[in-house]
Amino acid sequence: MMMSLRRAALLAVALFAPRATLHAQPAGMRSTRPIVVASKPFGESYLLCEMFAQLLESRGIAVDRRPGLGATELAFGALRRDAIDVYPEYTGTGLVAVLHDTLTDSLAADPRRVFDQVSRHSAERFGVHWLPPLGFQNTYAIAVTRQTAARLHLRTLSDLARESAHLTAGFTADFIGRPDGLAGLRRVYGLVPRAVRPLAPAVKYQALASGAVDVVDGYSTDGMLARYDLVTLVDDRHFFPPYEAAAVVAPAIARTRPDVLGVLGLLSGRLDEVTMRALNRRIEVDGVPVATVAADALRALGLMPTGSRGSDVASATASRPSLLAYAWGERRTLAALTMRHLALVAASLFAAILVAVPLGLALERRRPLAEPIIRALGVIQTVPSIALLAFMIPVLGVGVAPALVALWLYALFPIVRGTYSGVRDADPDAVEAAEALGMTARQRLLMVRLPLAAAPIMAGIRTAAVITVGTATLAAFIGAGGLGEPIVAGLALADSRMVLSGALPAAALALLVDGVLALAERRVMPAHRRH
Amino acid sequence: MIAPRTSTAHAPAALAARGVTCRYADHVALRNVSLEVAAGTTVALVGESGSGKTTMLRCFNRMVTPDEGVITFAGVDVRADRAELLRRRVGYVPQHGGLLPHWRVLRNVALVPMLLGEPSPDDAAVAALELVGLPAATFGHRFPHELSGGQRQRVALARALAARPRVILLDEPFGALDAITRAEVQGAFAALRTSLGVTTLLVTHDLAEAARLADEIVVLRAGQVEQRGTLADLQQRPTTDYVAMLVSRAAAAAAALAPR
């Protein structure tokens, strides 16, 4: 038993190792650590992240890509604590959602002043450095279908507010919660839709096109606006602040790496809205890989030598291969992600067993404590994974560590519960007789109580394992990799093949892990119950 | 892990309780109880539920620690050594057998010899199974759930005897059996007891069983000794109304079954 556990631990370590060296610098480069380039989970953010990364690489600076971090709070929280080094952000978001500054009329009218205020306050409060804007705005685009616009004579947000009592809105959770989102629209325009459906970014356009909702929040540079022939309503009361895109840089890098600031600064003022809409469209509508689009864009700007290779998928064409062809093309990546997923699950589950089984046994000896403690562990289950991951950034940063701790926390409850009730309820007559005939407490535990409790303990472990395989997909939100990576990216890029290329292996993995544990369960099952 | 077997084979294997009082949170289980079991004899503790008879029995293998009083085993205070070492020298059969369900019969019976570090626990188990009339060749490889109720109690008895203890404690060992099986297992035990000469403390609520198996009967009621003596003593000179009632009830039950 001990031997196989040790082997499992070694395997877990071995599985993590390759990833750690995946983005290591080629030999001969400076031996500084790679720059961690991140993004938020939507298409344009992925694209800008990739452009930053390729630009830095082309100048001999090693990078570690961590795209798709949860959302603004997670990304900015990680940045200001130096857990990531750079990601693309928008001035309006920085002003309202990060700094919680109020938007005055004079600010709203002048993008320049918004940038000055945001960059000054970010530097003062967090040491975070905003590079000069990239040159385009990506503001909220409240959009309706062309038919709806024509039927209700909608041109502005004021028009929309007039008709809003008859309309159903499909807004992203982010937009519903932000002060510069739904709440502000209600305050400034009196916009009160008949109903508001929270929708994932990936599905909101389909929902609009199918008539399930009448109005959505889009981004003005979104490729989808053109694809679905939507009408963007004019912000006639200048409610939305300017959303100028810019690279934001973590305090440590801003202080110590002028070379990085210099390279990233090459993009300042170089991207306009027309360009961005075209680039986003190539990704979201035509399905061209992000790395290809990023490389092409950098070449078009003259920032990359024309012969240089964008990435190993630069040869991809604009035509979309089928799911199978796509998965086959990505098989190496998917295999690596699957192994990494498995390693995350194995390591966190192993650690959870090491803690939860002894804890369950200890609680059985202090029963008054048992229910409160087990209930407290149960409460952890109700904390949304994203929130749990966000709580951990201050302590553990981003990457594998916080993901492991979160998965470990989720796995404790079923194992402790199974161990506690299993040992508590194990054949009391037999346990009593074993004691009365002279077995020591340790002998009773190892030879009687644990074997008799094997079934509920294994049931707890199997439950924890399947939960962990599922939850581990969320590790992608915190840059820990695994099969969540293509799921998060696919949702952000509206690419269902990419989503499925992560979701299907994850489902298969859950079945496989459960099956393997079922075999293990047969091995540890007390002999009299094996048939 | 296992202490060598330092048995004092020549000392009288007598059990004695002196002035034992046991209190639980809400009631007193035993109140100043004293009793002795002479070496080689059988004493039955008789009483109804709550009389304290099981608590008294469990004091002798330290499954219960009295609040007051002294328990001795061959003249030595039971607290003299670690509880496990005492228990391995005392056979024990609970009401439902208490066999380990995940162990085969042979391993169950070999338990105490194994704990004692005897060289061949399995041989001891084979011999003990032979004693209770269950040949190891037929029954040794079965799991407890593959046995009848009577067979399980015989296996429990074999387990209690396998290390050849000089004392065994029986807690309603036949209580869960049907009448025919009970008579059969009682018979087997009676024969064994005589041939082995083992000192026995038997807890039962059945006066007839006590009369059949014990040399002396101790009647317990509400944690106190009501009367002690042979069945004849109890029948002819009951010291309390309770004992008189107990005796007459048992007699009435026997009379009802007697051929007319």
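Helix 7 (residues 149–161) of chain B lies across strand 6 and strand 7 (167–171) of chain B, running at about 170 degrees to strand 6 of chain B. Here, helices (H or I, at least four residues) and strands (E, at least two) are DSSP runs, numbered from the N terminus. Axes are lines fitted to C-alpha atoms, for helices over the stretch in contact, and angles run from 0 to 180 degrees between N-to-C directions. The model is a predicted one, in which local features need pLDDT of at least 70 and side-chain atom pairs count only at pLDDT 80 or more, while totals for chains, interfaces and linings use all residues. Residues are numbered from 1 along each chain as its sequence is written, and chains are lettered from A and ligands numbered from 1 in the order in which they are written.

Strands 6 and 7 belong to an open sheet of six strands in chain B, with the order 6-7-8-3-9-10 and mixed pairing; two strands pair if DSSP finds at least two bridges between them. Strand 6 (90–93) and strand 10 (224–229) of chain B form the edges, each pairing on one side only. On average, neighbouring strands of this sheet are turned by 15 degrees against each other, direction ignored. Strand 9 (residues 216–221) of chain B runs antiparallel to strand 10 of chain B and is joined to it by five bridges, with B:L220 opposite B:V225.

Further pairing in chain B involves strand 4 (residues 68–73), which is joined by five bridges to the antiparallel strand 1 (residues 15–23). In this pair, B:T21 has B:E68 as its bridge partner. Two bridges also join strand 4 of chain B to the antiparallel strand 5 (residues 76–77) of chain B. The hairpin of strands 4 and 5 of chain B has two residues between the strands, and B:A74 takes a positive phi near 55 degrees.

Chain A has 26 helices and 10 strands. Between the chains, 18 residues of chain A are in contact (C-beta atoms, placed from the backbone, within 7 Å) with 18 residues of chain B. Helix 22 (428–436) and helix 23 (441–452) of chain A each supply at least two residues of the chain A side. Helix 22 of chain A gives the most to that side, with seven residues.

Buried residues (20 or more other C-beta atoms within 10 Å of their own) make up 49% of the 531 residues in chain A.

How values were computed: Contact = placed C-beta atoms within 7 Å. Buried ≥ 20, exposed ≤ 12 C-beta atoms within 10 Å, placed from the backbone.
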